[in-house]
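Please open the structure in your viewer and set it to display side chains. The tour below proceeds by selection, one stop after another.

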Amino acid sequence: MLQRVVVRITIEGASEEFERKLLDLLAEHRDELAISVDTAWDVDRAMLFLNTLNEDARLFVRLVVDSDGHREAAVLREVFPGGLRGPTVALAYALKRGVKHGWWPEGTEAPLTVIYGGGPRDGWRQASAYEMSGEHLPAFRAALAHYDTTTPRPTWDEEAPSALAVHSSWAADADVPRVLYDDPPAAANLPHRGAS
């Protein structure tokens, strides 16, 4: 009788010896095991994804999610008059970044997909819509709701401080190395060739 047992294992901070022994054990029983990787979007993964996006890309995701997973590209082009390339490229990089950092496994599908208009013989085709699978919608709705309840960063309405200014916590007469001279010399103070 074949019995199926599902075991989820998360191992963090394991030594190289432990990793080697575990891989050896898995290799020894590989004929008995079916190993799969969880690539589903859950709320935690969706939060990480949203947190790595810039504001435009996050708004792009929100507009698709708020329209039950389908938003016409024409509507998105009105919201993003500079074009859709910026937000969509940010989404692609966020997906790659998550794989690189181990936030989700390789093979995790993009939460948003593009629907192209025109036929296969039209050559270059413009996006006609963007969709999010119904499987992903609950996770992203919850992540966006959580994102909305967190305290946003206050907007900065002053001039940016000078990178060359002495920090306010240092005394005015502090011996602080300066990046630039107040009065740079007219010529470099280097010895001439041939001068000893």
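Begin by selecting R20, a partly exposed residue with a relative accessible area of 45%. Please keep in mind that the model is predicted.

With R20 still displayed, add D24 to the selection. The two side chains meet in a salt bridge, with 3.4 Å from N to O. R20 and D24 lie four residues apart in helix 1, and therefore about one helical turn separates them. D24 is likewise described as partly exposed, its relative accessible area being 43%.

Remain on helix 1, which spans residues 16–28, and select E17 together with K21. Which kind of contact does E17 form with K21? The contact is a salt bridge, in which the closest N and O atoms are 3.1 Å apart. The spacing along the helix is four residues, so E17 and K21 are separated by about one helical turn. E17 has 44% relative accessibility and counts as partly exposed; K21, at 46%, also counts as partly exposed.

Next, select D148 and R62. These residues form a salt bridge whose closest N and O atoms are 2.7 Å apart. The pair links distant parts of the chain, 86 residues apart: D148 belongs to helix 6 (residues 137–149), and R62 belongs to helix 3 (residues 55–66). D148 counts as partly exposed, at 48% relative accessibility.

To conclude, return to the full view. How many salt bridges does the structure hold? There are four, among them R20 with D24, E17 with K21, and D148 with R62.

Notes:
Residues numbered from 1 in each chain as written. Predicted model: local features only at pLDDT ≥ 70, side-chain atom pairs only at ≥ 80, totals over all residues. Heavy atoms only, no water. Helix = DSSP H or I, 4+ residues; strand = E, 2+ residues; numbered from the N terminus. Buried < 20%, exposed > 50% of the residue type's maximum accessible area, 1.4 Å probe, protein only.
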